[in-house]
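Me: I have a model open and some labels to check. Please take me through the reasoning behind each one.

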Amino acid sequence: MKKFILKEQNEVERRINLVQQKLNLYPKGNLSIRKNGKYNRWFLVSEDGDRDTLKYDPISAKNKEFIAQMSMKNLFLFEYQFLQEYSRILTSFIDQMNDLSELKSAFQSKQSFYSEVIFQYNREKERKTKRKREKRNEHKNNIMHGDALQSGRRLQNSVKNELDWNSENHIMVDSEVREFTKVGTILNGTYGMGNDQQNFIVEWKNAPFRSSSMNPDKKKNSTLSGILVRSKSEALIADVLYRNGIPFRYECELVLANGKVVYPDFTILCPWNKKIYYWEHFGLMDDYDYRQKTYRKLAEYGETNIIPNINMITTFETLECPLSSNLVEDIVLRMFR
């Protein structure tokens, strides 16, 4: 993550220098517009060295070429200001990551006692994970080799919106996609949990939420959970979450700190700590305008304390580097299992 931010910061600095060079090619001063009834009055704003104030020199409306030239300068100036602010945010991210790294190192080296505590905790966690995996595999084997038909009937009502069944012989349709070995997913990711935790996750999954209504006709990619998404990469992410029993909402409404309403690709409830995580996939990073929009979006998330690699997952894609299923699997297993 830090390597990505450093690489991004270098790209922003390169762009800042390029914009600065372009600004130096334009005449001094800035363009200012004032309304005069139905018409615009144009002024060249510059510093008055003798009086230490700003000087407003009128520009004739007929001088269209000069007005257009200064308008372009203003656009570059706005871009320069944005890039400076974005660079500041990236620097802040790096400083926070460095501070976190220093705190972690100090904690690990302060006393051997703490290291022993962490070791015991990790060993116990591995034992629990191993026991949970063994129970899950045993459960799957029992269903596959024992009473698969009865288990399928018992689960039919709770998953009727997610699976299609042949009502005549109770055999699953589209079995090549929805293998019967994925019973852990059918149980909504709650297998092996206490009743309170199971109820909390089920209530969260079933609770209504506002989703994006923008361009519903573009949601053409089907998923194992039954929802439609906008891209094949989003379908890949949704299927991996579903197969691993991780509860999520697609394009759920989120209000940022600045009051702006956004719809993250995935809002995810972590089953073991009940924390909310957000997953944004950016699939057109070859496109310059799309990249700029992505940077602004990440900056807005940052102002709302939604930070990549902490409570937000970000994946990126270009034509040469498409999103891989192995990467998505690794992220899901590392973050939520």
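**Labels and their reasons**

Reply: Start with Asn309, which is partly exposed, at a relative accessible area of 45%. Keep in mind that this is a predicted model.

Me: Why is Asn309 called partly exposed?

Reply: Buried means under 20%, and exposed means over 50%. Asn309 has 45%, so the label is partly exposed.

Me: Where is Asn309 placed?

Reply: Asn309 lies in the loop between α8 (288-303) and β11 (312-316). Its phi is positive, about 75°, although Asn309 is not a glycine.

Me: What about Glu251: buried or exposed?

Reply: Buried. The relative accessible area of Glu251 is 5%, and the cut-off for buried is under 20%. Glu251 sits in the loop between β6 and β7 (254-255). Glu251 also has a positive phi, near 50°, and is a residue other than glycine.

Me: Now the helices. Why are α7 and α9 called oblique to each other?

Reply: The axes of α7 (residues 232-243) and α9 (residues 325-336) cross at roughly 40°. Angles under 35 degrees count as roughly parallel, and 65 to 115 as roughly perpendicular. Roughly 40° falls in neither range, nor is it over 145, so the pair is oblique. The axes come within 10 Å. The crossing is right-handed.

Me: Which residues of α7 and α9 meet?

Reply: From α7, they are Leu236, Ile237, Val240, Leu241 and Arg243. From α9, they are Ser325, Val328, Glu329, Val332 and Phe336. By class, this contact has 7 nonpolar, 1 polar and 2 charged residues.

Me: What makes a set of residues a nonpolar core?

Reply: The members are buried and joined through side-chain atoms within 4.5 Å. The largest such core here has 23 residues. Those touching the most other members are Leu241, Phe266, Ile268, Trp279, Val332 and Phe336.

Me: Which elements each supply at least two residues of this core?

Reply: α7, β6 (248-250), β9 (266-269), β10 (276-282) and α9. α7 gives the most, with 6 residues.

Me: Which residues is Phe266 in contact with, leaving aside neighbours within four places in sequence?

Reply: In the 230s and 240s, the contacts of Phe266 include Glu234, Ile237, Ala238, Leu241, Phe248 and Arg249. Tyr250, Tyr277, Tyr278 and Trp279 are also in contact with Phe266.

Me: Which residues does the second core include?

Reply: The second core is separate and has 17 residues, among them Val12, Phe76, Ala299 and Ile307.

Terms used:
Residues are numbered from 1 along each chain as its sequence is written. This is a predicted model: local features need pLDDT of at least 70, side-chain atom pairs count only at pLDDT 80 or more; totals for chains, interfaces and linings use all residues. Side-chain values use heavy atoms; hydrogens and water are left out. Axes are lines fitted to C-alpha atoms, for helices over the stretch in contact, and angles run from 0 to 180 degrees between N-to-C directions. Helices (H or I, at least four residues) and strands (E, at least two) are DSSP runs, numbered from the N terminus. A crossing is left-handed if the near helix is turned anticlockwise from the far one by less than a right angle, and right-handed if clockwise. Contact means heavy atoms within 4.5 Å. Ala, Val, Leu, Ile, Met, Phe, Trp, Tyr, Cys and Pro count as nonpolar, Asp, Glu, Lys and Arg as charged, and the others, Gly among them, as polar. Buried means under 20% relative accessible area, exposed over 50%, partly exposed in between (1.4 Å probe, protein chains only).
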